[in-house]
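Reader: I am in my first year and still learning to read protein models, and I would like a close look at one part. Could you take me slowly through the aromatic rings, and then through the side chains at the surface?

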Amino acid sequence: MDTLDTATTPVLKLDEYWPYQMVVLADRISRSTAAVVKERADLNLSQWRVLAAIAEQPGRTAVDVVKVTPMDKGIVSRGTKALLDAGLVRREASQADGRVSHLYLTAKGETLYAEVLPHVEAVAGQAHAALGAQERTALLAMLQRLKADWPEPQ
């Protein structure tokens, strides 16, 4: 079996590589959030993200949801269908273009969202507790700047 000669080959130290550390933290937060929405709403994380994107801006299209979430169109489509089937979301054809549908929470969806939201926010609260107010503000500003400057994959 061949082994990497670390004396001559540079090695990426994952515990010092900040992009990897961000992925690890994001995964932990996602798994914690997934557990909360499964327990509280019997939704998976993709369904919750679709629900949250629609709650944030009622009338979004599925294409809009894809743009604001880290999910591809197939995952958004399946999540949207599940939410429609569960009666949590309703679809309205666009007045301007009948091929486009706008998504809205139903009363049942609004109630569920309102019930689950504090528990999802508590997950973020765990991270907030580890940082001071200025650190949280600085971290959010840095993340927004990195996201804005990072090119979209093609």
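Author: What follows begins with the aromatic rings and then turns to the surface patch and the salt bridges.

This is a predicted model, in which local features need pLDDT of at least 70 and side-chain atom pairs count only at pLDDT 80 or more, while totals for chains, interfaces and linings use all residues. Residues are numbered from 1 along each chain as its sequence is written, and side-chain values use heavy atoms, with hydrogens and water left out.

Rings of Phe, Tyr and Trp (its six-membered ring) pair if their centres lie within 6.5 Å, and planes under 30 degrees apart count as stacked, over 60 as edge-to-face and the rest as tilted. By this rule there is one aromatic pair. Its partners are Trp48 and Tyr113, which are stacked, with 5.3 Å from centre to centre and 15° between the planes. The pair links distant parts of the chain, since Trp48 belongs to helix H2 (residues 45-56) and Tyr113 to helix H5 (residues 107-130), 65 residues apart; helices here (H or I, at least four residues) are DSSP runs, numbered from the N terminus. Both Trp48 and Tyr113 are buried, where buried means under 20% relative accessible area, exposed over 50% and partly exposed in between (1.4 Å probe, protein chains only).

At the surface, Trp18, Met22, Leu139, Met142, Leu143 and Leu146 form a nonpolar patch with about 530 Å² of accessible area together. Such a patch is made of residues with over 30% relative accessible area and no salt bridge, its nonpolar side chains (Val, Leu, Ile, Met, Phe, Trp, Tyr) being joined within 5 Å, and accessible areas come from the Shrake-Rupley method with a 1.4 Å probe, where for residues only the protein chains shown count as cover. Helix H1 (18-41) and helix H6 (133-149) each supply at least two residues of this patch, and H6 gives the most, with four. Leu139, found in helix H6, is partly exposed at a relative accessible area of 37%.

A salt bridge is a side-chain nitrogen of Lys or Arg within 4 Å of a carboxyl oxygen of Asp or Glu, and the structure holds six of them. Among them is the one between Lys38 and Asp42 (2.8 Å, N to O), in which Asp42 is exposed at 52% relative accessibility. Another of the six joins Glu56 and Arg60 (2.9 Å, N to O); Glu56 is exposed at 60%, whereas Arg60 is buried at 7%.

Conventions
Patch = residues over 30% accessible without salt bridge, like charges linked within 9 Å, V, L, I, M, F, W, Y side chains within 5 Å.
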